[in-house]
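Visitor: I'm just starting out with protein structures. Could you pick a single helix, take me through it slowly, and then show me what lies beyond it?

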Amino acid sequence: MLEKITADSVVAGIDMGGTNIRIMIADLAGQILAYVKTETDLLPKQRTDTAPLQTQMQEALEQAGSRPEDVVFLVAGIAGLDDEADRTWAEKLVAGFGLNCSSRVVNDAFIAHRGALAGRPGILVASGTGSILLAHTESGQWLRNYDFGHYAASGARFLGYQAVYDVLAGRESPGDGVLVRDMLRFFRASNLRELTESASRSFGLEEDRRDRLFGLFAPVVTREAAEGSPIAVRVCDEALRQIGVGADLLAAFFDGPDIPLSQTGSVAGSDYMRAGLRGLVCAQPGRRFEYLEPRLTPAAGSVLTAYEALGLSFGESMAEALENSPHARL
């Protein structure tokens, strides 16, 4: 593959989730030449029309001053690529970007891990639209909490649903006043009775649209948890408890007493949840989680992964080079 590299060669990194698609083009010295971010209302697996993807890639290449044939490797991190059964649709999706080069398709948590920890071993807590814990051990082993059959219900929609359910079940207290007020505003209900009636009809929405709606309400929940709303605190603390269980399962596969832990995603990156992750206590005697702020964005993590696939310098030097771009830093 290295024989195909020229002075014009670049790599493409793609971070493809259910809220945004981010494309990053970088040269082989760690300089980011282009960054394109596009909002989406489709989960990757739901997408059938790939024409917009090719348009977005063309925009990124034009911004970089590069041609399609200059791209020597592409790495795409895709939400929902959870097992081998998903690989067929994921690879077809990536082909829709219109590049004829070697590529690697992985779960979006993998590139987030590479970015957040810049290639170091550790555990990544990913909680945004979805939720997953991903570990990379000192021996090079990759493990997910999914591999244990464990799921931490800490994705945005879970926080939104649980907060609404608690309020509709009559569990609110005076300290939840702002949460309830903003809940009614968000769901366009004049009072709790009206909101309860709407909820009893599943809000008149199909499941996918309802999940997205409740996910959009999650920032209110995490914000009010930081302000001390009892319901919001309970909801977020339960999510943190489930994350802690997943982290403890993965911790058993690390050698060192200190286990680096970082995060990605709108929920995990909120003030309340970040504080909870900083204080996460490892249940195994003599072990502790060492919280690290994420160093690079997931898109930059996909670029690092492309460098690694090409056999180029990987690790501190390339991470430092990428950090010179604001698009690579969180």
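Guide: Here is a walk along one helix, followed by a look at some other parts of the chain. Keep in mind that this is a predicted model.

Let's start with helix H10, which covers residues 298-310. How far apart are the end C-alpha atoms of H10? They sit 19 Å apart, and this agrees with the 18 Å you'd expect for 13 residues at 1.5 Å a residue.

Now, how covered is H10? Mostly: 11 of its 13 residues are buried. Start at Pro 298 and you'll find that Pro 298, Ala 299, Ala 300, Gly 301, Ser 302, Val 303, Leu 304, Thr 305, Ala 306 and Tyr 307 are buried, and so is Leu 310. Glu 308 is another story: at 32% relative accessible area, Glu 308 is partly exposed, because buried means under 20%. Just after the helix comes Gly 311, which has a positive phi of about 80°.

Stay with Glu 308 for a moment, as its side chain forms a salt bridge with the side chain of Arg 114, at 3.1 Å from N to O. That pair ties together distant parts of the chain: Glu 308 belongs to H10, while Arg 114 belongs to helix H3 (residues 108-117), 194 residues apart. Arg 114 is buried, with a relative accessible area of 5%.

H3 also leads us to a pocket. Together with strands S5 (102-107), S7 (131-136) and S8 (142-144), H3 is one of the elements that each supply at least two residues to the lining of the second largest pocket. S5 gives the most, with 4 residues. The lining has 15 residues in total, and Leu 81, Asn 107, Phe 110, Leu 134 and Arg 144 lie nearest the centre. The space inside comes to about 330 Å³.

Back to salt bridges: the structure holds 22 of them. One of them joins Arg 274 and Asp 271, with the closest N and O atoms 3.8 Å apart. Both residues lie in helix H9 (residues 271-278), 3 residues apart, or about one turn of the helix. Arg 274 is partly exposed at 21% relative accessibility, whereas Asp 271 is exposed at 60%. Elsewhere, Arg 181, Asp 182, Arg 185, Arg 223 and Glu 224 are joined into one network by salt bridges that share partners. Then there's Glu 69 with Arg 67, whose side chains meet at 3.6 Å, N to O. Glu 69 is exposed at 55%, and Arg 67 is partly exposed at 43%.

For contrast, try Ser 127 in strand S6 (residues 122-127). Is Ser 127 buried or exposed? Buried, with a relative accessible area of 1%. Leaving out residues up to four places away in sequence, Ser 127 touches Ser 154, Ile 243, Thr 264, Gly 265, Ser 266, Val 267 and Ala 268.

One last stop is a pair of strands. S2 (residues 20-27) and S3 (residues 32-39) run antiparallel and are joined by 7 bridges. Within the pair, Ile 21 stands opposite Thr 38 of S3. The hairpin they form has 4 residues between the strands, and Gly 30 in this hairpin takes a positive phi near 95°.

Technical notes:
Residues are numbered from 1 along each chain as its sequence is written. This is a predicted model: local features need pLDDT of at least 70, side-chain atom pairs count only at pLDDT 80 or more; totals for chains, interfaces and linings use all residues. Side-chain values use heavy atoms; hydrogens and water are left out. The expected span of a helix is 1.5 Å times one less than its number of residues. Buried means under 20% relative accessible area, exposed over 50%, partly exposed in between (1.4 Å probe, protein chains only). Contact means heavy atoms within 4.5 Å. Two strands pair if DSSP finds at least two bridges between them. A salt bridge is a side-chain nitrogen of Lys or Arg within 4 Å of a carboxyl oxygen of Asp or Glu. On a 1 Å grid over the protein atoms alone, a cavity is a set of points where a 1.4 Å probe fits but cannot get out, and a pocket is an open set with protein on both sides within 12 Å along at least five of seven lines; lining residues have an atom within 4 Å of a point. Grid points are joined across faces, edges and corners, and a volume is the space filled by probe spheres set on the points.
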